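Me: I have a structure open and would like to talk through its helices with you. Could you take my questions as they come?

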Amino acid sequence: MEETELAAVARAQAGDSDAFRVLVERHGRSVFRLAFRMTGNEQDAEDIVQETFLRAYKQLNRYENRAGFGTWLYRIAANYSLDFLRSRKSKHNESGDEMLAAVASPSPGPERTLLSGQVQVCVEQALSELSQQERTAFVLRHYEGLSIEEISGALGLSGNAAKHSIFRAVQKLRKMLEPLVGAR
């Protein structure tokens, strides 16, 4: 029988490392997806996942179940991702350009692979030009499928501020990607 999340959190708070492992297994992939969408780099995303769960473990006694445990983890991961991006930007004086080509077909031809890679690079470049708050809100909503309430909890914003950040991000992305859409 699968343990409820609240029970696993309570056991982990009581010092049960197996219960924390269950939480890591349950939320690890979604935290990785968020970190990868924020950084565009698999290695950096893995580092962020590790740091997120380390911070969560150290601060587990501070978790209150007002929001879901996943939302609490997203907040930790989003904040650490933003810190990471700020430090990387200051070190390299630009956001990273390392992007993986997204391929929809299992065996695409060379033209499709090239086009898909170019589209992915354009989308990632456009995402990198958003403010950190807009990018995080957009990624949480459109890549991770979180509700406005979950996003506002994860980012510490009001519901209206979260909606506004997503709206601004969509408007900016439409404008930046318009030439790409028009060219097709």
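What follows is a short chat about the fold, one helix and one helix pair in this predicted model.

Me: How many helices and strands are there in the protein?
Reply: The predicted model has 8 helices and 0 strands, and read along the sequence the pattern is α-α-α-α-α-α-α-α.

Me: And what share of the residues is buried?
Reply: Of the 184 residues in the protein, 38% are buried.

Me: Let's look at H3, then. What does it span?
Reply: Helix H3 covers residues 42-58, which is 17 residues, and from its first C-alpha to its last it reaches 24 Å, close to the 24 Å expected at 1.5 Å a residue.

Me: Which residues of H3 are buried?
Reply: Asp 44, Ala 45, Ile 48, Val 49, Thr 52, Phe 53 and Ala 56 are buried in H3, and because they cover an arc of only 165° around the axis, they sit on the same side of the helix.

Me: What's on the face turned away from that buried side?
Reply: That face of H3 carries Gln 43, Gln 50 and Lys 58, which are exposed.

Me: Which residue caps the N-terminal end of H3?
Reply: Asn 41 does, with a side-chain oxygen 2.9 Å from the backbone nitrogen of Gln 43.

Me: Different topic: at what angle do H1 and H2 pack?
Reply: Helix H1 (residues 5-13) and helix H2 (residues 17-39) pack at an angle of about 135°, with their axes 7 Å apart, which means that H1 is oblique to H2.

Me: Left-handed or right-handed crossing?
Reply: H1 passes H2 in a left-handed crossing.

Notes: Residues are numbered from 1 along each chain as its sequence is written. This is a predicted model: local features need pLDDT of at least 70, side-chain atom pairs count only at pLDDT 80 or more; totals for chains, interfaces and linings use all residues. Side-chain values use heavy atoms; hydrogens and water are left out. Helices (H or I, at least four residues) and strands (E, at least two) are DSSP runs, numbered from the N terminus. The expected span of a helix is 1.5 Å times one less than its number of residues. Buried means under 20% relative accessible area, exposed over 50%, partly exposed in between (1.4 Å probe, protein chains only). The arc is that of the directions from the helix axis to the C-beta atoms. A polar contact is a pair of N or O atoms within 3.5 Å; within protein, one must be able to donate a hydrogen and the other to accept it, and residues adjacent in sequence count only if both atoms are side-chain atoms. Axes are lines fitted to C-alpha atoms, for helices over the stretch in contact, and angles run from 0 to 180 degrees between N-to-C directions. Angles under 35 degrees count as roughly parallel, over 145 as roughly antiparallel, 65 to 115 as roughly perpendicular and the rest as oblique. A crossing is left-handed if the near helix is turned anticlockwise from the far one by less than a right angle, and right-handed if clockwise.
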